[in-house]
Each structure stands twice: as C-alpha cells, then as structure tokens.
Amino acid sequence: MNNPITVGFSGLTKRIFAGRSKATKTDGVRHFTGEKFDVTDGAIFAVASLMVARDDILIIPLHNGDEIHLRADIKEKRRAS
C-alpha cells in the first residue's frame, strides 16, 4: 500500500499521531501526507491493556544498543477504612 496508516511520535510535542504517510528517500522514514490525528491517550491505553493481558515484559531494542523495557501492572483501588 502506497499510503498506509502510520503511527508516529513527535519529540517536539511529546504526542503520538496517526495518519496516512508515504516513504521518504531515507530508509525506514515516513512522512505524513495529509491530516494527522493525536492518538496519544488511546494508544497508551491500548498498549497498557495489551501489556496487562500479556503479563510479560516487552523489550524494544534501540539503534544504539540500549533497550526499552515495557511492563504494565494493575494497581487495585485503595479502599477507605
């Protein structure tokens, strides 16, 4: 597909966006072609829900050899005494 829906992170605004994109001359880099939508809250909720369901740690390797470790736990609501 030439214009797939892409999800991307803006380091400038610290938000997650989704929209149609096209490839650039730089390998692996895409550019939004039309309207993009802020999906930050929904994306975070979806990933957190996935991680709770997996009950695992997701390890994401970075280009410099570092790793991001993701895990989500449910903390029960504190009940009044």
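How much space lies in the largest pocket? The volume is about 210 Å³, and the tour will reach this pocket after a survey of the fold. The model on display is predicted.

**The whole chain**

Begin with the protein chain in cartoon view. One helix and five strands are present, and along the sequence they follow the pattern β-β-β-α-β-β. Next, display the C-alpha atoms of the protein chain and align the view with the principal axes: these atoms fill a box of roughly 60 × 30 × 25 Å. The radius of gyration of the protein chain is 17 Å, whereas a compact globule of 81 residues would have a value near 12 Å.

**The three-stranded sheet**

Select β1 (5–10) and β3 (30–38), which are the edge strands, each pairing on one side only. Then add strand β2 (residues 15–23). Together they form an open sheet in the order β1-β2-β3, with antiparallel pairing. From one strand to the next, the twist averages 45°. In general, the strands of a sheet pair through backbone hydrogen bonds, in either a parallel or an antiparallel sense.

Keep β1 and β2 in view. Six bridges join this antiparallel pair. Three positions serve to trace the register:

- I5, which stands opposite R20 in β2;
- V7, whose bridge partner in β2 is A18;
- F9, whose bridge partner in β2 is I16.

Which residue in the turn between β1 and β2 has a positive phi? Select K14: its phi is about 60°, and the hairpin has four residues between its two strands.

Move on to β2 and β3. This pair is also antiparallel and extends over six bridges. Here A23 stands opposite R30 in β3. The hairpin has six residues between the strands, and G28 takes a positive phi near 85°.

**The helix**

Now select helix α1 (residues 40–54). This helix lies across β2 and β3 and runs at about 100° to β2.

**The second hairpin**

Continue to strand β4 (residues 58–61) and strand β5 (residues 67–70), which pair in the antiparallel sense over four bridges. Select I59 and then H69 in β5, its bridge partner. Between the strands of this hairpin there are five residues, and G65 takes a positive phi near 100°.

**The largest pocket**

Return finally to the opening question. Rolling a probe the size of a water molecule over the atoms shows where empty space is left. To display the lining of the largest pocket, select V7, I16, A43, I44, V47, A48, M51, L70 and A72. Two of the names have appeared already in the sheet: V7 as the bridge partner of A18, and I16 as the bridge partner of F9.

Which element gives the most to this lining? Helix α1 does, with five residues. Colour the lining by residue class to complete the view: nine residues are nonpolar, while no polar and no charged residues take part. The space enclosed by this selection is the pocket of about 210 Å³ with which the tour opened.

Conventions:
Residues are numbered from 1 along each chain as its sequence is written. This is a predicted model: local features need pLDDT of at least 70, side-chain atom pairs count only at pLDDT 80 or more; totals for chains, interfaces and linings use all residues. Side-chain values use heavy atoms; hydrogens and water are left out. On a 1 Å grid over the protein atoms alone, a cavity is a set of points where a 1.4 Å probe fits but cannot get out, and a pocket is an open set with protein on both sides within 12 Å along at least five of seven lines; lining residues have an atom within 4 Å of a point. Grid points are joined across faces, edges and corners, and a volume is the space filled by probe spheres set on the points. Ala, Val, Leu, Ile, Met, Phe, Trp, Tyr, Cys and Pro count as nonpolar, Asp, Glu, Lys and Arg as charged, and the others, Gly among them, as polar. Two strands pair if DSSP finds at least two bridges between them. Axes are lines fitted to C-alpha atoms, for helices over the stretch in contact, and angles run from 0 to 180 degrees between N-to-C directions. Contact means heavy atoms within 4.5 Å. The radius of gyration is taken over C-alpha atoms; the globule rule is 2.2 Å times the number of residues to the power 0.38.
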